[in-house]
Amino acid sequence: MQLRDSNIDKLAGETFDVLIIGGGINGASAAAALAGKGVKVALIDRGDFAGGTSMHSSNLVWGGIKYMESYDFALVRKLCKSRNHLIKSFPSTVKEIRFLTTITKGFRYRPSYLWAGTWLYWLMGNCFTQIPRFLTPKSIKDREAIIDTQEAVGGFEYSDAYLHDNDARFVFNFVRTALNHGAVAANYVESQGAQRENDGWVTRARNVMNDTTFDIRAKVLINAAGPWVDQHNALSQQETEHKHAYSKGIHLIVPRLTDNQRVLAFFDDEGRLFFVIPMGRRTCIGTTDTRMESPEVHVTDEDVQFVLDNINKRLTLDKAIGQDDIIATRCGVRSLAVQPSGGGKRDFLQLSRKHAIDTDDADAHISIFGGKLTDCLNVGEEIVTEVKRLGVAIPYPDYRWYGESPESVRQEFFHQAKLMELDALTPEESVESLSTRLWRRYGAYALDMLEDIREDPRQGELLIEGTEYLRCELRQAKHREMITRLEDFLRRRSKISLVVERDRIRQSPGLMEACEILFGDQAKERFDEYFADASDQPLESLSATAEPSNPAHSETLQW
């Protein structure tokens, strides 16, 4: 908590070049880009970083093959290039993965037609990934025995990419990058609105954890509040060209369905893509696409039954997947950038996640609409361009603000890890070696953990039963990851609450020690707070009257 408390003091006491409201992927990448290039940046989020849409994705980094059906080739080309760049820039985190797609009788396109489309998709991506392959029903069954091929007429296999860790962790790493370059960021700080004063912006902020208020001053204000951009613009009297439409998507996390490391893709009963996605010892199934009038969404019984019915119809399992198999749910809203003056002729389901940036030059105000994980580097660079145009100096315009640590640092880490036989400490629950996981999650800072383990072998011990987390990782999290509530660690800095049953987490003998490391004297309070929150319980969230999945986005908060 010391980092957060110190940053809140700085937020109240300094004047910034730029204040960013919203710590999802758009705000986090913008903060990392600006801070890396020398701009004085502040970043706040009313909940935790990546606490909204950015923690409810499919964990996929893809070129948007589905947008080819609406002939949005320019967007597909751009997203494919962005995907390739992310794979090259984050090789430990963003990895190529094969998608096996099955086409059944009566579908609107023949398999051969779709297969030809995957070749065009591959070419638009500069032939960067493995080549597509046409599949007969027999070859589909040979590759993946759990697929029901009785109604199949063929299929194809092509490549995109996925996040090896969870999406929220990927987003937080951009926040951490911004902090490394001098940004002042704080979670659980709510903007109550902003107004122009003396050629700058004054934002009234509230510390959600203790209800105190203070002002933040900045030359430029960036609204990156995700699905809540329109609402915050109303508070700050901003009119924009774009607005948001909303689409709800849910995923179900169940025990692992197949040992093969590939994504299974199908078209549901309504003709929309949905996936079976590997997640270590678990499988993620989804998603839905339901038009909403508000960004506040929750999982309903109907959502869950729709996913279960569709997946059970397409797989041949010894036992059909039921609600008792659900370990966790993910429920988020997609923010779709639309122009109200555009006539609304385009089908809602064909709307893309393409981002849009609206700038009010006179007020030095920027709004970011739409967007997705795949496009994050483009958003960061475009925001730098806009901020420069508004008169803010960019001291280091050519600085590369993203990517993993240099190869020489990586080699040194793995050399030290091998010398101390680190991988012998790999927990049984892990699906990869300990050295690989620590490097992917912490980069150069993983070297500090090696030193911790050398000094005190207990730091290499598994702390929370059923997870992969070591005692030294909790120490790292305490000092560098601004964990304010237990949910921040269990759900966003890690994916423990997605892959481990809630009762097992609660009964883990190491959880209270983890709370003591993270929260000190507040350990029991934070423990009780988390387990008193019914919205995080899978079974209780499956009703139409359930609360929104993130308590920080309740009706009592604004941003």
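Reader: How do you know what the 14 residues of helix 4 (residues 111-124) should span?

Author: A helix here is a DSSP run of H or I with at least four residues, numbered from the N terminus, and its expected span is 1.5 Å times one less than its number of residues. For helix 4 this gives 20 Å, and because the end C-alpha atoms are 20 Å apart, the two values agree. This is a predicted model, in which local features need pLDDT of at least 70, side-chain atom pairs count only at pLDDT 80 or more, and totals for chains, interfaces and linings use all residues. Residues are numbered from 1 along each chain as its sequence is written, and side-chain values use heavy atoms, leaving out hydrogens and water.

Reader: Why is Tyr 71 called buried or exposed?

Author: Buried means under 20% relative accessible area, exposed over 50%, and partly exposed in between, with a 1.4 Å probe and protein chains only. Tyr 71 has 60%, so it is exposed, while Phe 73, at 34%, is therefore partly exposed.

Reader: What makes Tyr 71 and Phe 73 an aromatic pair, and of which kind?

Author: Rings of Phe, Tyr and Trp (its six-membered ring) pair if their centres lie within 6.5 Å, and planes under 30 degrees apart count as stacked, over 60 as edge-to-face and the rest as tilted. By this rule the count comes to 25 aromatic pairs. In the pair of Tyr 71 and Phe 73 the centres are 6.0 Å apart and the planes 70 degrees apart, and the pair is edge-to-face.

Key:
Helix = DSSP H or I, 4+ residues; strand = E, 2+ residues; numbered from the N terminus.
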